[in-house]
Amino acid sequence: MLLLSEEDDVAVALADLVAGQQVDVAGGALTVTADVPRGHKVALRAVPAGQDVRKYGQVIGRATADIVPGAHVHTHNLSMSDTERQHEFGVARWRPPAPTGERPTFQGYRRADGRVGTRNYIGVVTSVNCSATAAKLIAEQFRGMALDAFENVDGVVALTHQSGCGLVSGSEGADVLLRTIRGYATHPNIGGLVLLGLGCEMLELDLISADLPLPADTLVERMTIQETGGIRATVAAGVQAVKDMLPRLDERRRETVDAGELVLALNCGGSDGYSGITANPALGVASDLIVGCGGRSVLAETPEVYGAEHLLTRRAVSPEVGQKLLDRIEWWRAYTAAGGGTMDNNPSPGNKAGGLTTILEKSLGAVAKGGRAELVSVLEYAEPIVERGFSFMDTPGYDPVSVTGLVAGGANLVCFTTGRGSVFGCKPVPSVKVSTNSTLARRMPDDIDLDAGTIIDGGRSVEEVGHDLFRLFLAVASGQQTVSEELGVGQEEFVPWQLGAVT
């Protein structure tokens with residue numbers, strides 16, 4: 001059993017427990033009154049119905065029945081407690097120190113605008129769903145051995161979506177989609193770009209390309225299916241455009257760059273009761289190391305910081321930054337209510353099976369991914385990640401949509417923690433997957449890059465695993481393939497956030 005804070009009413013089971021079993025916790029003995037799966041919570045003391053329950057030293061919910069010492073604490077006796085939280089701004093600001101000794105570096109692609117890519121891709125970027133099939137047919141011609149002669153090109157990716165036409169021009173939804181597509185088109189991991197439209201859509205190619213801040217060394221072709229002569233002719237033209245780009249992109253070489261050029265996206269999926277104890281805090285250590293180098297690290301998934309936002313506002317560099325986060329929280333409360341739901345619709349069934357009961361509990365573990373660094377900015381979805389340091393981006397909790405926004409903002413590396421076994425990739429950016437427990441790492445070895453479960457069952461510290469993760473980031477940014485890249489996962493994970501009316 002693991003006690004996370006002396007103020008806590010519960011401890012976490014580190015192995016499956018059976019009713020009547022006696023366990024040691026916080027220097028004392030406790031008899032478990034019911035079977036408790038590993039990762040789930042056990043009551044340390046009596047908690048009357050209606051009283052708040054604490055974990056991580058914070059409220060995670062309210063008892064719905066009298067809870068006795070040794071009881072399993074979960075959905076049957078614990079529910080959401082949506083009490084007002086006190087928000088302070090800037091009272092817990094901390095800047096990670098710069099590294100001592102030799103500066104950490106990686107081998108990246110320096111682009112003409114000064115930004116650094118971790119991969120060298122050709123992107124077939126679509127303006128509308130009507131051009132998705134043609135884009136996929138173009139990219140399919142460059143799978144397998146087709147790129148063997150171009151070892152410095154990482155792939156050709158079709159970035160397709162299900163929108164682009166029935167949009168209200170100038171609406172929030174149209175602006176978000178346009179910002180997302182433009183973010184991918186200008187991404188430092190995209191060395192070659194084929195802009196592909198139908199020809200009569202609302203989100204026409206001119207809107208995408210107008211004043212597009214492309215690096216000067218990005219190779220660009222644009223075409224519409226209607227003007228090119230139909231799908232067959234467009235696919236042939238697109239394939240030829242890619243073939244023409246390949247030799248020129250293959251001439252590019254990685255060079256030594258400072259670790260401060262990393263832009264790290266922080267995400268989690270399929271979380272469990274270990275997420276806030278192992279993988280997420282270890283990722284927080286690695287995040288702080290990147291920030292200490294002068295790099296950028298960005299937390300997201302607004303519905304999954306709900307209930308822990310007061311911990312982030314304490315780290316805000318200004319009241320304005322802290323208030324912007326609170327404003328986004330309020331937007332989400334209204335958004336979910338308009339859809340007939342609440343913020344506690346999250347956690348998912350898999351999260352609950354892994355030991356997480358309420359969104360408050362899940363969020364307290366999720367924010368650990370952001371380490372301890374001060375919060376320098378709060379960004380809209382897919383907004384460019386400009387300021388160096390730790391930031392927050394407003395995204396949904398749905399993983400593909402969340403990471404799409406982060407990559408559109410400029411993230412050149414993604415770290416994805418999971419306790420249940422999410423399978424995720426996000427071409428054109430490498431995604432490092434970290435397991436919260438060793439059982440998962442053994443069960444799904446081909447889907448996990450690093451096992452943070454060794455913090456529980458391997459005698460390793462959060463700091464040690466965090467430094468391991470930082471070193472892995474440098475290796476992956478230098479070209480080492482992640483497991484998702486080896487499997488070819490990431491073609492279908494471009495999922496822009498769809499907002500607003502469709503006409």
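Across the interface of domain 2 and domain 3, the rule finds 11 residue pairs in polar contact, both residues at pLDDT 80 or more. A polar contact here is a pair of N or O atoms within 3.5 Å; within protein, one must be able to donate a hydrogen and the other to accept it, and residues adjacent in sequence count only if both atoms are side-chain atoms. On the side of domain 2 that touches domain 3, the elements giving two or more residues are β9 (105–110), β12 (155–159) and α2 (172–185). The largest share of that side, 6 residues, comes from α2. Helices (H or I, at least four residues) and strands (E, at least two) are DSSP runs, numbered from the N terminus.

A quick word on what you're looking at: this is a predicted model, where local features need pLDDT of at least 70, side-chain atom pairs count only at pLDDT 80 or more, and totals for chains, interfaces and linings use all residues. Residues are numbered from 1 along each chain as its sequence is written, and side-chain values use heavy atoms, with hydrogens and water left out.

**The domains and where two of them meet**

The domain assignment splits the protein chain into domain 1 (10–79), domain 2 (106–254) and domain 3 (262–487); such bounds come from an automatic or database domain assignment. The centres of domain 2 and domain 3, taken over C-alpha atoms, are separated by 27 Å. Their contact (heavy atoms within 4.5 Å) takes 18 residues from domain 2 and 25 residues from domain 3.

How much area do domain 2 and domain 3 bury between them? It's about 1,800 Å², with 57% of it on carbon and sulfur atoms. Buried area is the accessible area (1.4 Å probe) that two parts lose on being put together, summed over both. On the domain 2 side, Phe-106, Arg-119 and Tyr-184 supply 33% of the area buried against domain 3, more than any other three residues.

The count between these two domains is 1 salt bridge, meaning a side-chain nitrogen of Lys or Arg within 4 Å of a carboxyl oxygen of Asp or Glu. Arg-119 also forms a salt bridge with Glu-485, their closest N and O atoms being 2.8 Å apart.

**Salt bridges linking distant parts of the chain**

By the same rule, the count comes to 21 salt bridges. Here are some that link distant parts of the chain.

| Pair | N to O distance | Separation in sequence |
|---|---|---|
| Arg-45 and Asp-9 | 3.0 Å | 36 residues |
| Arg-314 and Glu-88 | 2.6 Å | 226 residues |
| Glu-304 and Lys-362 | 3.3 Å | 58 residues |

Take Arg-45 and Asp-9. Arg-45 sits in the loop between β4 and β5 (52–55), while Asp-9 is in the segment before β1 (10–12). Arg-45 counts as partly exposed because its relative accessibility is 35%, whereas Asp-9, at 8%, counts as buried. The cut-offs are under 20% relative accessible area for buried, over 50% for exposed, and partly exposed in between (1.4 Å probe, protein chains only).

Then there's Arg-314, in the loop between α7 (309–313) and α8 (319–338), paired with Glu-88 from the loop between β8 (78–79) and β9. Arg-314 has 29% relative accessibility, so it counts as partly exposed; Glu-88, at 40%, counts as partly exposed too.

With Glu-304 and Lys-362, both residues are buried. Glu-304 lies in the loop between β17 (296–299) and α7, and Lys-362 in helix α10 (residues 359–366). That helix is mostly covered: 8 of its 8 residues are buried. Glu-361 is one of the buried residues of α10, and a network of salt bridges links Glu-361 with Lys-41 and Lys-55.

**A buried loop residue**

Is Val-36, in the loop between β3 (28–31) and β4 (41–43), buried or exposed? Val-36 counts as buried because its relative accessibility is 2%. Leaving aside neighbours within four places in sequence, its contacts are Ala-13, Ala-15, Asp-16, Leu-17, Lys-41, Val-42 and His-72. Val-36 and Leu-17 are 19 residues apart in sequence, yet 5.0 Å apart in space, C-alpha to C-alpha.

**Helix α14**

Finally, α14 covers residues 462–477, and its 16 residues should span 22 Å at 1.5 Å a residue. The expected span is 1.5 Å times one less than the number of residues. The end C-alpha atoms are 22 Å apart, which agrees. Among the buried residues of α14 are Val-465, Leu-469, Phe-473 and Val-476. Just after α14, Gly-479 takes a positive phi of about 125°.
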